[in-house]
Amino acid sequence: MLQLNQIYKVFNEGTVDEKVALNHLNLSMKQGDFVTIIGSNGAGKSTLLNLIAGKLTPDLGEVILNEKNITHMKEHKRARLIGRVFQDPMAGTAPSLTIEENLAIAFSRTKARGFSLGVTRNRRAFFKEKLESLQLNLENRLTAKVGLLSGGERQALSLLMATFTEPKILLLDEHTAALDPSRAELITSLTKKIVEENKLTALMVTHNMQQAIDLGNRLIMMDRGEIIFEADEKKKKELTIEVLLKEFQQIRGGSMTDRAILV
């Protein structure tokens, strides 16, 4: 489903601030894979997602999605192929529009041009059905402005909207990091449910090691723009936070000092 070949990305090349964000990185994902990514700040995790989404272009290497080379495809064209949920609950929705208007916009991404924002009776029934699955009573608040929702409610809505396009791959960029523990737990559960029920291929960046262990069938650890550790489904079942920290120490000869990754 996804193939990253020798991806190399450097920022501020030739200056004192030069930083190699991704260093000839290779990654393959099969249909239905749910890969979690951990690594300290600056490891290259968000840069990796931005390259897949088309926000950034690699200096070297190829991005292949569903056997199609999309390395130089514009970000807006990839939106039909890739769903994304961001860390900031404000980023994935339009706060001045209602819940049903936000859902209509997301729904229209795969439809022909000329789509009207008007919400038909059938479409409203479809939106209600989808919202009911979130179990947040949002199906009874279709005309409420999204800006009035809590962070957890908005993130749940963003997660649902990201699946409307039936994406080839779903990118989750620390999408629970800005939420309080109870809401983060809710969104984590919803993520697992939505990915499994829709049989999605997903790639999730997280600073929460336990979350990375609990979700998905594969785990990778990044550092300095490289994948330094991988665990398949069998190996992942035996992982603990202590084992991951020990692996990092053995590979890099040091310890993880970034407190955020120890959550």
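**Exercise 1. The span of a helix**

What span should the 12 residues of helix α9 (residues 241-252) have at 1.5 Å a residue, and how far apart are its end C-alpha atoms?

Solution. The structure is a predicted model, and the values below are computed from it. Step one is the expectation: since the expected span is 1.5 Å times one less than the number of residues, the 12 residues of α9 should span 16 Å. Step two is the comparison with the model, in which the end C-alpha atoms of α9 are 17 Å apart, and this agrees with the expected span.

**Exercise 2. The two sides of α9**

Determine which residues of α9 are buried, and which residues on the other side are exposed.

Solution. Begin with the buried residues of α9, which are Ile241, Leu244 and Phe248. These residues lie on the same side of α9, because they cover an arc of only 65° around the axis. Turning to the other side of α9, one finds Glu242, Lys246 and Gln250, which are exposed. The last step is to ask what lies over the buried residues of α9: the cover includes β3, α7 (209-214), β9 and β10.

**Exercise 3. The mixed sheet**

Work out the strand order of the six-stranded open sheet, and explain why one side of β6 and of β10 is left without a neighbour in the sheet.

Solution. The six strands follow the order β6-β7-β8-β3-β9-β10, and their pairing is mixed. β6 (82-85) and β10 are the edges, and because each has a single partner strand, one side of each has no neighbour in the sheet. On average, and with direction ignored, neighbouring strands of this sheet are turned by 20° against each other. Helix α9 packs on the sheet, where it touches β3, β9 and β10, and its direction makes about 135° with that of β10.

**Exercise 4. Strand β9 and its partners**

Describe in which sense β9 pairs with β3 and with β10, and establish how its residues are placed.

Solution. Take the β3 side to begin with: strand β3 (residues 34-38) and β9 pair in the parallel sense over four bridges, and Ile38 has Met221 in β9 as its bridge partner. On the side of strand β10 (residues 226-231), the pairing with β9 is antiparallel and runs over five bridges. Within this pairing Met222 has Ile227 as its bridge partner, while Leu219 stands opposite Ala231. β9 and β10 form a hairpin with two residues between them, and Arg224 in the turn has a positive phi of about 55°.

The final step concerns burial, for which the cut-off is under 20% relative accessible area. Six of the six residues of β9 (residues 218-223) are buried. Arg218, Ile220 and Met222 point one way from the strand, whereas Leu219, Met221 and Asp223 point the other way.

**Exercise 5. The antiparallel sheet**

Find the order of the four strands in the other open sheet, and locate helix α1 with respect to β1.

Solution. The order is β2-β1-β4-β5, with antiparallel pairing. The edge strands, each pairing on one side only, are β2 (19-29) and β5 (68-69). Strand β4 (residues 60-65) is joined to β5 by two bridges, and Ile64 stands opposite Asn69 in β5. Helix α1 (residues 45-53) lies across β1 (2-11), β2 and β4, and runs at about 115° to β1.

**Exercise 6. The nonpolar cores**

Identify the residues with the most contacts inside the largest nonpolar core, and the elements that contribute to it.

Solution. This core has 34 residues, and those with the most contacts inside it are Ile99, Leu103, Leu131, Leu134, Leu157 and Leu170. Two or more residues each are given by α3 (99-108), α4 (121-132), α5 (151-163), β7 (169-173), α6 (181-197) and β8 (202-205). Among these, α5 supplies the largest share, six residues. Apart from this core lies another one of 26 residues, among them Leu27, Ile169, Leu203 and Val205. To follow one residue in detail, take Leu134, which touches Ala156, Leu157, Leu160, Leu190 and Ile194 when residues up to four places away in sequence are not counted.

**Exercise 7. A loop residue**

Decide whether Thr98 counts as buried or exposed, and list its contacts.

Solution. Thr98 is found in the loop between β6 and α3. Its relative accessibility is 9%, so Thr98 counts as buried. Leaving aside neighbours within four places in sequence, Thr98 is in contact with Leu142, Thr143, Ala144, Lys145 and Val146.

Notes
Residues numbered from 1 in each chain as written. Predicted model: local features only at pLDDT ≥ 70, side-chain atom pairs only at ≥ 80, totals over all residues. Heavy atoms only, no water. Core = buried A, V, L, I, M, F, W, Y, C linked by side-chain atoms within 4.5 Å. Buried < 20%, exposed > 50% of the residue type's maximum accessible area, 1.4 Å probe, protein only. Contact = heavy atoms within 4.5 Å. Pairing = 2+ DSSP bridges. Axes fitted to C-alpha atoms, helices over the stretch in contact; angles between N-to-C directions. Arc of directions from axis to C-beta.
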